[in-house]
Amino acid sequence: MEIGKYSFGIGDRFAYQGKAQLQAMIRAKQAGIDITPVWNKSHREHTITKTSPDSVRKEANKAVEKLGWQGDYFVDADHINLSNVDSFVGSSDFFTLDVADYISKKADDLWIEDFVQKYKRYTGRLNIDGIDKPVEINENLIRKIASKVLLAVIEAGKIYRRIESAKGKCNFVAEVSMDETALPQSPVEMFFILAAIADQGIAAQTIAPKFTGRFNKGVDYVGDVAQFEKEFNDDLAVIAFAIKEFSLPKNLKLSVHSGSDKFSIYGTMNKALKKFDAGLHIKTAGTTWLEEVVGLATAGGEGLDIAKEIYTRAYDRFDELCVPYSTVIDIDWGKLPSPEIVADWDSQKFANVLRHDQTCSDYDSNVRQLLHVGYKVAAEMGQMYLDALAKYENVIGECVTENIFQRHIKPLFIE
Ligand SMILES: [Zn+2]
């Protein structure tokens with residue numbers, strides 16, 4: 001089972017926007033770009049929304065059938081580990097093996113030394129196509145990297161083999177993710193991570209490193225764009241090189257998590273992908289949930305009331321909602337409007353504040369990030385929230401499709 005060159009992670013908290021999301025892939029196809037949709041939902045999200053993995057499979061199948069989608073599509077067990085993978089094997093055919101917790105935990109010294117011996121052939125000045133200067137590598141560097149990442153990759157191997165024994169060889173797509181760590185991984189670390197992945201027999205088709213800079217949820221990239229550009233280009237060069245060196249799957253590509261709304265680096269990514277003729281997987285779950293709220297606000301009436309209610313409850317539970325996401329949000333509490341102020345907003349004002357249009361003077365990244373983590377509040381509203389999604393389906397669906405196609409797919413893959 002092979003995933004196409006470009007693929008788009010379109011997680012959906014409440015499983016109502018499958019059709020609207022797929023519509024964006026159809027519009028891309030009409031514009032001449034093939035993008036494989038991948039519906040992803042993590043164990044953490046399932047726990048918060050009290051849903052089970054098969055609900056994502058049902059949503060994906062339904063959307064595909066309703067719109068007559070002829071291309072491939074996948075259902076991603078996002079950020080799974082050994083403790084929860086079993087509940088996903090029946091319904092998923094894409095697995096994101098999350099081993100971030102094992103980064104920086106040291107493997108057995110003997111394993112580390114074996115690794116150093118095996119790969120010391122790369123010491124010296126290593127030339128990699130697409131990287132200007134040769135990469136300086138010595139045994140100590142390999143040892144340092146192995147101490148940091150080897151145990152994590154060994155753990156990924158355990159999860160991979162568990163999935164393989166349940167689903168059979170080549171019957172699923174595997175991603176190795178290390179994005180939810182404190183420090184970014186450099187391209188040279190990526191090279192040896194890929195060596196270890198090959199050693200473990202993991203036929204990884206996507207890899208999600210942590211990049212330099214802040215990838216805050218639902219808002220633009222914060223960091224040094226020039227440094228990101230260099231790192232992203234070097235990562236693409238390293239992947240192309242490692243595929244040949246370690247006989248990894250030919251379609252192995254980068255996966256960018258928290259990838260939605262990073263408008264200031266999409267141009268850079270687009271250029272680099274074309275330069276290296278490389279593929280990309282990008283995960284964008286949260287942005288669809290925010291478009292649901294934009295859509296509710298835009299619809300007015302009861303929809304606007306619900307949007308305001310979500311804001312009020314999220315504002316009142318700020319600490320509780322933000323703590324689990326502390327590494328991926330930056331909210332200035334003092335700048336958040338009080339619920340009393342928000343109560344006076346009309347449809348247009350609420351939508352303008354929330355919609356990610358940085359040219360609009362009403363746009364407020366604090367409100368956007370708070371609502372991003374506020375999906376728990378909507379989940380607790382239960383049927384009332386779901387009824388509103390059904391009632392305002394058309395308005396919301398347009399917001400969802402427009403956001404994915406115009407603001408994401410176009411700058412990343414087309415323009
Ligand atoms: Zn992630």
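What is the phi of Asp277, the residue that follows α8? I looked this up before anything else. The phi of Asp277 is positive, near 50 degrees. Note to self: I'm working from a predicted model.

**Helix α8**

I went back along the chain to α8 itself, which covers residues 263-276, 14 residues in all. I checked its span, and from the first C-alpha to the last α8 reaches 21 Å, close to the 20 Å expected at 1.5 Å a residue.

Next I asked which residues of α8 are buried. My list reads Ile265, Tyr266, Met269, Ala272 and Leu273. These buried residues sit on the same side of α8, because they cover an arc of only 135 degrees around the axis. That fits the textbook spacing: an α-helix has 3.6 residues a turn, so residues three or four places apart point the same way.

Then I turned to the other side of α8, where I found Lys274 and Lys275 exposed.

What do the buried residues of α8 pack against? I noted three elements here: α7 (225-246), β10 (280-283) and α17 (393-414).

**The barrel**

β10 took me to the strands. I traced a closed barrel of eight strands with parallel pairing, in the order β1-β2-β3-β4-β7-β8-β9-β10. From one strand to the next, the twist averages 25 degrees.

I zoomed in on one pair, β1 (residues 6-9) and β2 (residues 36-42). The two run parallel and are joined by three bridges. Which residue of β2 stands opposite Ser7? I found Thr36 there.

Notes: Residues numbered from 1 in each chain as written. Predicted model: local features only at pLDDT ≥ 70, side-chain atom pairs only at ≥ 80, totals over all residues. Pairing = 2+ DSSP bridges. Helix = DSSP H or I, 4+ residues; strand = E, 2+ residues; numbered from the N terminus. Axes fitted to C-alpha atoms, helices over the stretch in contact; angles between N-to-C directions. Expected span 1.5 Å × (residues − 1). Buried ≥ 20, exposed ≤ 12 C-beta atoms within 10 Å, placed from the backbone. Arc of directions from axis to C-beta. Contact = placed C-beta atoms within 7 Å.
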